[in-house]
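Here's a short set of exercises to work through with the model open in your viewer. Try each task before you read its solution.

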Amino acid sequence: MRYYELLYIVNPNIEDDKTGTIIDEIGKEVEKYKVSIINHNIWGKKRLAYPIKNNKYGIYILLQFGAEQFDFLKEFERYLILSKSVIRHQIVKLDEEPAKVENVEPIVDEKELAEKKSFEIPEVEAKPDVGTEKTPDVAEVEEVEEVEKVEDIVEPEPETEEPVVEKESKEEGE
Amino acid sequence: MTFNTKKKYCYFKENGITFIDYKDVKLLRRFITDQGKIIPRRVTGSSAKMHRQLVRAIKQARNIALMPFTNSSSDG
C-alpha cells in the first residue's frame, strides 16, 4: 500500500453549496480506482501567494488516500486538469500512513492560522468527551424508566421485593 | 585568523524535526528572504540532509501557492 496526498485549490467564485458537490465528485473519481480515502478535508478560503488564473483567493482541499496500484495517477491527474473548478493541484507521495483527522475547522486567514493551531488540540479533545457524556445520560434515563416499570409488575409478589432492590442498585451503579 | 564567527547549528536537529512538511508554511517562512528566495545553507547552518528536504518542501509549497516565488513590491 502506498499513500498519497492531493492538495487542490478550487475556484473561489463558485457558490458555497457547490464546493460540497465538487468534493463528492472528486471523491467518487478517486474511488473508481480502488483507492481507500483516509482524509478529505476543507482548509477553507485562503489568500494565494500569487494569483492563479486571475484569482487572488482559493479554497484549499486536502485529500489523503492509500492505493494498492499506482498506475492510475496519470489518468486521475488528467481528470483534475480538465475539471474547470480545480485551478491547481499537487499530488505528493507520503512516506508513512497519514493519521485520520476529523473536525478540521476551516482556516480563513493565514494570520489566524497560527492562533488557531494552539487552540486546536484542546478543542479536539474536548469535543468527543461532550459527545460521550451526553449519550450515556439519555441511555441511563431510559434504563431507570424501564426499571420502574418492572417494579410495578413485580410489586404484587411481596416475597421477591428484596432481591429487586438489590438489582436496582446494581443497575444504577452501572 | 581572528574571525570571530559564531557557530551555527541546524535548526531542525536542535528541534528534533526529521520530516519537513510543505504544508507547514509557518516553519518554511523562516528559511526564505523577504524577496521569497531560499536562504543558503551557509547562512542558516542547517545540515545538508535537512536542507535538501527544506528546498524540496519550499518548492512544493510554491507550486500550490502557499508560498511566493517572488515577493517584489510591484505584486502588491
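In what sense do E1(A) and E3(A) pair, and over how many bridges? E1(A) and E3(A) pair in the antiparallel sense, over 9 bridges. Helices (H or I, at least four residues) and strands (E, at least two) are DSSP runs numbered from the N terminus, and two strands pair if DSSP finds at least two bridges between them.

Some housekeeping before the rest. Residues are numbered from 1 along each chain as its sequence is written, with chains lettered from A and ligands numbered from 1 in the order in which they are written. This is a predicted model: local features need pLDDT of at least 70, side-chain atom pairs count only at pLDDT 80 or more, and totals for chains, interfaces and linings use all residues.

**Exercise 1. Lay out the elements of both chains.**

Step 1: chain A has 4 helices and 4 strands, and along the sequence they follow β-α-β-β-α-β-α-α.
Step 2: chain B comes to 4 helices and 0 strands, so to speak the plain α-α-α-α run from the N terminus on.Step 3: take contacts next, where two residues count if their C-beta atoms, placed from the backbone, lie within 7 Å. Among contacts in chain A with a separation of 6 or more, 71% come from residues 24 or more positions apart. For chain B, 71% of contacts between residues at least 6 apart in sequence join residues at least 24 apart.

**Exercise 2. Work out the strand order of the sheet in chain A.**

Step 1: begin with the hairpin. E2(A) and E3(A) form one with 2 residues between them, and A:Lys53 in the turn has a positive phi of about 50°.
Step 2: count the ladder. E2(A) and E3(A) run antiparallel and are joined by 12 bridges. Check A:His40, which stands opposite A:Leu63 in E3(A), and A:Val35, whose bridge partner in E3(A) is A:Ala67.
Step 3: go to E1(A) and E3(A), with their 9 bridges. Here A:Val10 has A:Ile59 in E3(A) as its bridge partner.
Step 4: put the pieces together. The 4 strands form an open sheet in the order E2-E3-E1-E4 (chain A), with antiparallel pairing. E2 and E4 of chain A are at the edges with a single partner strand each, so one side of each has no neighbour in the sheet.
Step 5: add the geometry. Axes are lines fitted to C-alpha atoms, for helices over the stretch in contact, and angles run from 0 to 180 degrees between N-to-C directions. With direction ignored, neighbouring strands of this sheet are turned by 20° against each other on average. H1(A) lies across E1, E2 and E3 of chain A and runs at about 130° to E2(A).

**Exercise 3. Find where chain A touches chain B.**

Step 1: count residues. 11 residues of chain A are in contact with 9 residues of chain B.
Step 2: assign them to elements. On the chain A side, strand E1 (2–10), strand E2 (35–52) and strand E4 (86–94) give two or more residues, and E2(A) has the largest share, 4 residues.
Step 3: sort by type. Ala, Val, Leu, Ile, Met, Phe, Trp, Tyr, Cys and Pro count as nonpolar, Asp, Glu, Lys and Arg as charged, and the others, Gly among them, as polar. The chain A side divides into 8 nonpolar, 2 polar and 1 charged.

**Exercise 4. Trace the largest nonpolar core.**

Step 1: set the terms. A residue is buried if 20 or more other C-beta atoms lie within 10 Å of its own, exposed if 12 or fewer, and partly exposed in between, with C-beta atoms placed from the backbone. A nonpolar core is a set of buried Ala, Val, Leu, Ile, Met, Phe, Trp, Tyr and Cys residues joined through C-beta atoms within 7 Å.
Step 2: find the hubs. Of the 30 residues in the largest core, A:Tyr8, A:Ile9, B:Ala57, B:Ile58 and B:Ala61 touch the most other members.
Step 3: find the suppliers. At least two residues each come from E1, helix H1 (16–31), E2, strand E3 (55–67) and E4 of chain A, together with helix H4 (48–63) of chain B. E1(A) gives the most, with 6 residues.
Step 4: zoom in on one hub. Leaving aside neighbours within four places in sequence, the contacts of A:Ile9 include A:Ile52, A:Ile59 and A:Val86, plus B:Ile64 and B:Ala65.

**Exercise 5. Check the confidence.**

The model scores ipTM 0.77 and pTM 0.65. pLDDT is the predictor's confidence in each residue, from 0 to 100; chain B has a mean of 86, with 86% of its residues at 70 or more.
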